[in-house]
Amino acid sequence: MQNRFLPYLLTLPSLFLAAVVIFWPVWDLIQISTHEVSRFGQLRDFNDFANFAALAADPDFTAALWRTGQWTVMVVGGALLLSIPVAMILNTDFYGRGIARVIIMLPWAVSLTMTAVVWRWALSGESGMLNSALIGLGLIDHNIQWLASAETAFPMQVLIGILVTVPFTTTIFLGGLSSIPDDLYEAAALEGATPLQQFREITFPLLKPFINIAIVLNTIYVFNSFPIIWVMTQGGPANSTDILVTHLYKLAFRIGKLGEASAVSLVMFAILLVFTMIYVRLAMREQRT
Amino acid sequence: MSLAKWTVGLMAGMSMLAIAAQADAGEVRVTVAEYSAKTAPYFADVKKEFEAANPGISVKFEVVPWDVLLQKLTTDITAGTNADLSIIGTRWLIDFVQQDVAEPLDGYIKPDFKDRFIDTFLSPSIMDGKTYGLPIAASARAMYYNKELFEKAGIAKPPATWTELQEDARKIKALGSGTFGFGLQGKEIETDVYYYYAMWSQGTEILNKDGTSGLSTPGALEAAKLYKSMIDEGLTEPGVTSNNREDVQNLFKQGKVGMMITAPFLSNQIKDEAPNLKYGVAAIPAGPTGARGTYGVTDSIIMFKNSKNKDEAWKLLDFLFTTEQRAKFTQGEGFLPVNKEEAKMDYYVNNADLAAFTALLPDARFAPVIPGWEEVAQITSDAMQKIYLGGDPEAGLKDAAAKANTVLKK
């Protein structure tokens, strides 16, 4: 009998921790988002989901929601596409591999905010490094105002997002690659498989669980990523580079609509929860078959 | 770490908590905004001097960057862990008063204390006849111009009207070599204010007399068209919407911009960073009818209603608003004097830059004291950014006025 309860007993401490760290704030958010709330967070009356209705009617929110989707797909997708070859190169044995690995990992060691600040300077129209480099190379003949409009600002933000996501993703893939035994490749080579066939038939299938975990974790990080967009454009000009987190921040701390901001936060939580559940389900089913 | 060590550590931690709780009795906590690199050292000195003069009271200053000040206050107040005193933007004061978190100071203010202040700066902190804050920082805006560029372009004196400003900007643009006539701010804090300078000169106010938004008036449209035409003609720096106030100030310091409107602290920055720049400070240009307006700003220091050390906190306020302390703070930060005695000091009387600012004070407008002001400002900034990016001024302003009016009606 004792044995049957033991597992539950043993998971109790971590369940308790999770409750304090996760469930309690979520409960608080639900409270705030369904009530009328003062400028400083004092709860008033229940307000029939007026905060959610206000969101649905707000074109800035729907635009930010759509943009968050684009942002997440492009950054996560770009980082994955870039990380697989990088990890495969770093997994081969070559002179100076240690240094190469350190260089790839370096962006990870720098705080995201600092990276964004440096890029903001680099992309400055009149005194930015990128413009002077491009002019020096003869690629452009006048300064580009990178951050002046969303057409140039948002793609640059996506590129920087990819750049800072690559180190983590590469680390996951390196772990995956080192778990593939070398004799598989030796056998394949003996049978006359080309490198491309080896990749398609051995590397990719065996890497799949790692790709799955990279997709789930990166999606959660990138979806919630605040510093790059905030530091470079604050979601502007005219909210044209806003994603949900920056929109939420403005709602809460600029304008003081804590109720609506909590509602945005819950929507984000729900989206990520649903995504993670569906994805984990799909990935697991695939593995079982 | 062994269990015994953990226990020792835990107990040490708990005893420290106990000590901290005891120290609370005579401790005054103050949240202050970090205006510049000089802010924290100034308040460190205040702590030393004040504690030496008032044994038994200890002071703790929390220096917070401006950008996150409102966020910190919101979270602190929500959690009930706010300090005893805090610096806030005076335009936020109405929220603090309506939510009943600010303590009226009238009980402490003696007539001679009140008499220390210049009325223009104290009055924004008075609401419903009660004084809720004391102006710790005051500022206004005026136009900086680059004398060297003016000379090269053959311009004798700074422009008195916006039409003259446009002509001067054309002449400066004609100099070529990466110089821009007029520095126009189009990003982040005070993007809306930069537009108001042109709007006020058209005789339009932020709020109409009936309390609705002034953005749908013909004057507002004229002002937006003026800026847009200057952008289209290339009289401003390129990429207006990527330049915040600091970016435009940096262009000015580099000698690339002929004219810009900003606060007195730019003089201090130029002294430190570009001492060879020849510049002057002039009034903000007037409109066709001679109307003009500058933006007046004060930050207030307020006492929280839930403070447990109100008497000690007041002693600190009294100390902060002595002429000597005021002069030290104001001159370090490059603000305007709020204290009458202080304003008579040689430093201010003989300072041509500051004289230009104080001369504009009769034309100063403060942010309207209405709930939801931050949202109206945000709506205006967004509308301006759209127009600066090439949007239609008339449609943009109409849309913004409608949005602002829904906020104002609440």
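This passage looks at how the parts of chain B meet each other and chain A. The model is predicted, with local features needing pLDDT of at least 70 and side-chain atom pairs counting only at pLDDT 80 or more, while totals for chains, interfaces and linings use all residues. Residues are numbered from 1 along each chain as its sequence is written, and chains are lettered from A in the order in which they are written.

Going by an automatic or database domain assignment, chain B splits into domain 1 (3–139 + 297–365) and domain 2 (142–296 + 369–409). The centres of these two domains of chain B, taken over C-alpha atoms, sit 31 Å apart. Each domain of chain B puts 20 residues into their contact (C-beta atoms, placed from the backbone, within 7 Å).

Within domain 2 of chain B, helix 9 (residues 191–201) packs on helix 18 at about 75 degrees, with the axes 8 Å apart (helices are DSSP runs of H or I, at least four residues, numbered from the N terminus; axes are lines fitted to C-alpha atoms over the stretch in contact, and angles run from 0 to 180 degrees between N-to-C directions). Helix 9 and helix 18 of chain B are therefore roughly perpendicular, a label covering 65 to 115 degrees. On the helix 9 side of chain B, Thr191(B), Asp192(B) and Tyr195(B) take part, meeting residues of helix 18 that include Ala377(B) and Met384(B).

As for the chain pair, 25 residues of chain B meet 20 residues of chain A. Helix 18 of chain B turns up again here, giving the most to the side of chain B that touches chain A, with six residues.

Methods: Two residues are in contact if their C-beta atoms, placed from the backbone, lie within 7 Å. Helices (H or I, at least four residues) and strands (E, at least two) are DSSP runs, numbered from the N terminus. Angles under 35 degrees count as roughly parallel, over 145 as roughly antiparallel, 65 to 115 as roughly perpendicular and the rest as oblique.
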